[in-house]
Amino acid sequence: MFIDDNTEKALGLDKVWKSLPISGQLGREYLENLEYKKEKKRLNLEYSELSKMINVLKKEEAKILCTKQLLKNLKTLKNTFTKLRNDEVLDEIDVFELKYFLYHYNKIAELWHFKMIKNLWKILDPKNLQTYDFYIYDE
């Protein structure tokens, strides 16, 4: 966070953060790296976006619950991307985690009508089994 620990404790933010029902690793990391907004114009923009999101949440409760379930299973791919940036070969675990992430991303994309990542999925699931199980094919 970009507020020092003393200020965070004085404002009671540490208690607020701990009370939030965040179950996924990605959400927790996002929260820990959250940048505080200080400018009035930026705060108003964030408030406007938040208001829009609240309206979506009210209308799409079933989708939200499904998305929440999918998101809480996701883990960060930082190590995998670091290996790729360093031209390292991915091991089976890296490929499985990538496929697992992509499977869940595509489920969310399908639910919300986002663009799915199909080209990479075809490589990771050449038999089109539509599962995140991982198998190295001999073919």
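**Figure 1. From the N terminus on, the elements run α-α-α-α-α-α-α-α.** This is a predicted model, and its tally comes to eight helices and zero strands. Pull back a little and the C-alpha trace spans about 60 × 40 × 25 Å along its principal axes. For 139 residues, a compact globule would have a radius of gyration near 14 Å, but here the value is 19 Å.

**Figure 2. Contacts and surface of the protein.** Take the contacts with a separation of 6 or more: 55% of them are between residues 24 or more positions apart. Just 22% of the 139 residues count as buried. The protein exposes about 11,100 Å², with carbon and sulfur atoms supplying 57% of that area.

**Figure 3. Helix H7, end to end.** H7 takes in residues 92–112, 21 residues in total. From first C-alpha to last it reaches 30 Å, close to the 30 Å expected at 1.5 Å a residue.

**Figure 4. The buried residues of H7 and what covers them.** Plenty of aromatic and aliphatic side chains turn up on the buried list, including Val-95, Leu-98, Tyr-100, Leu-102, Tyr-103, Ile-108 and Trp-112. Asp-94, Lys-99, His-104 and Asn-106 are among the buried residues too. The cover over them includes helices H4 (40–59), H5 (61–71), H6 (78–85) and H8 (118–124).

**Figure 5. The two ends of H7.** At the start of the helix, look for Asp-91: one of its side-chain oxygens reaches to within 3.1 Å of the backbone nitrogen of Ile-93. Just after the helix, His-113 takes a positive phi of about 65 degrees.

Key
Residues are numbered from 1 along each chain as its sequence is written. This is a predicted model: local features need pLDDT of at least 70, side-chain atom pairs count only at pLDDT 80 or more; totals for chains, interfaces and linings use all residues. Side-chain values use heavy atoms; hydrogens and water are left out. Helices (H or I, at least four residues) and strands (E, at least two) are DSSP runs, numbered from the N terminus. The expected span of a helix is 1.5 Å times one less than its number of residues. Buried means under 20% relative accessible area, exposed over 50%, partly exposed in between (1.4 Å probe, protein chains only). Contact means heavy atoms within 4.5 Å. A polar contact is a pair of N or O atoms within 3.5 Å; within protein, one must be able to donate a hydrogen and the other to accept it, and residues adjacent in sequence count only if both atoms are side-chain atoms. The radius of gyration is taken over C-alpha atoms; the globule rule is 2.2 Å times the number of residues to the power 0.38. Accessible areas come from the Shrake-Rupley method with a 1.4 Å probe; for residues, only the protein chains shown count as cover.
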